[in-house]
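Good morning, colleagues. Please bring the structure up on your screens, and I shall take you through a few of its features.

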Amino acid sequence: MLQTLYSKGVSDERVLTAMGGVPRHFFLERGLDKIAYDDKALPIGAGQTISQPYTVAWQTQLLHVAPGEKVLEIGTGSGYQAAVLCELGANLYSIERQRLLHEKAKSLLAQMGYHPTLIYGDGFEGLPSQAPFAKIIVTCGAGHVPQPLLSQLAVGGRMVIPVKTEKALHMFAFDRVSKTEIRQIKLNECSFVPMLQGLS
Ligand code: SAH
């Protein structure tokens, strides 16, 4: 898997090492062990998918996480991306809107020795009580850029989020350069399950 990621342009050694440290097959539905390390999105239950390893690596690389940084993830899902961020030393908060997935990720990550703060809630609101965050990563495709998330981004911080523009979903990086100024970088097309309002 790491070879594939490297050949597709993931060159950040810290990201590759972090991903090499997380057994992806733990996070999938039963019976998928043989294809767990293929570069494919795979089912995790509740109609959701774990992103393909390349997408996880790409988004993580874009985030430039330094050890100890306060990071907010929207869309805990299986907990795989959360585990990768913990391997990088993030002080992680992660929100999931589906109770079943939230509970499952909570017990799995604890069993594996990872201790992020997992929240059952609607990621559109972010987590004002813990703001500001040095980094925010959204792992579901948003129809618009949620303003509460931008307002919870620290000066010098970055948010990486897939957002729908006209027809396609594109990855974006938003950099907060000052209290009042945010710079936007539009990146390649990508594919994610949708970011939905409310709880389930
Ligand atoms: N990071 C996850 C990816 C899971 S797919 C992983 O590594 O497995 C995206 C997840 O985003 C799904 O579990 C979906 O339920 C969740 N999601 C969608 N809209 C959301 C919202 N508004 N708030 C929080 N989570 C949301």
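**The sheet and its packing**

I begin with one pair of residues: Asp175 stands opposite Arg183 in strand E9. Please bear in mind throughout that this is a predicted model.

The two strands concerned, E8 and E9, run antiparallel and are joined by six bridges. A hairpin of five residues leads from E8 to E9. On the subject of pairing in general, strands of a sheet are held to one another through backbone hydrogen bonds, in either a parallel or an antiparallel arrangement.

Strand E8, residues 169-176, also pairs with strand E7, residues 153-164, again in the antiparallel sense, here over seven bridges. One position to find on the screen is Pro162, whose bridge partner in E8 is Met171.

Let us now view the sheet as a whole. What is the order of its strands? The order is E5-E4-E3-E6-E7-E8-E9, in an open sheet of seven strands with mixed pairing. The edges are occupied by strand E5, 117-120, and strand E9, 182-189; each has a single partner strand, so one side of each is left without a neighbour in the sheet. On average, and with direction ignored, neighbouring strands are turned by 15 degrees against each other.

Helix H3 packs on this sheet, where it touches E3, E6, E7, E8 and E9. The direction of H3 makes about 155 degrees with that of E7.

Helix H3, residues 53-63, also packs against helix H4, residues 80-87, at an angle of about 40 degrees, with the axes 11 Å apart. That angle makes H3 oblique to H4. The crossing of H3 past H4 is right-handed. Which residues meet there? From H3 they are Val56, Gln59, Thr60 and Leu63, and from H4 they are Tyr80, Gln81, Val84 and Leu85. By class, the residues of this contact divide into five nonpolar, three polar and no charged.

I close with a single residue, Ala105, which lies in helix H5, residues 99-111. Is Ala105 buried or exposed? Its relative accessible area is 1%, and because the cut-off for buried is under 20%, Ala105 counts as buried. Beyond its neighbours within four places in sequence, Ala105 is in contact with Thr76, Gly77, Ser78, Gly79 and Leu118. As for Ser129, the C-alpha atoms of Ala105 and Ser129 are 22 Å apart in space, with the two positions 24 residues apart in sequence numbering.

Thank you for your attention.

Technical notes: Residues are numbered from 1 along each chain as its sequence is written. This is a predicted model: local features need pLDDT of at least 70, side-chain atom pairs count only at pLDDT 80 or more; totals for chains, interfaces and linings use all residues. Side-chain values use heavy atoms; hydrogens and water are left out. Helices (H or I, at least four residues) and strands (E, at least two) are DSSP runs, numbered from the N terminus. Buried means under 20% relative accessible area, exposed over 50%, partly exposed in between (1.4 Å probe, protein chains only). Contact means heavy atoms within 4.5 Å. Axes are lines fitted to C-alpha atoms, for helices over the stretch in contact, and angles run from 0 to 180 degrees between N-to-C directions. Angles under 35 degrees count as roughly parallel, over 145 as roughly antiparallel, 65 to 115 as roughly perpendicular and the rest as oblique. A crossing is left-handed if the near helix is turned anticlockwise from the far one by less than a right angle, and right-handed if clockwise. Ala, Val, Leu, Ile, Met, Phe, Trp, Tyr, Cys and Pro count as nonpolar, Asp, Glu, Lys and Arg as charged, and the others, Gly among them, as polar. Two strands pair if DSSP finds at least two bridges between them.
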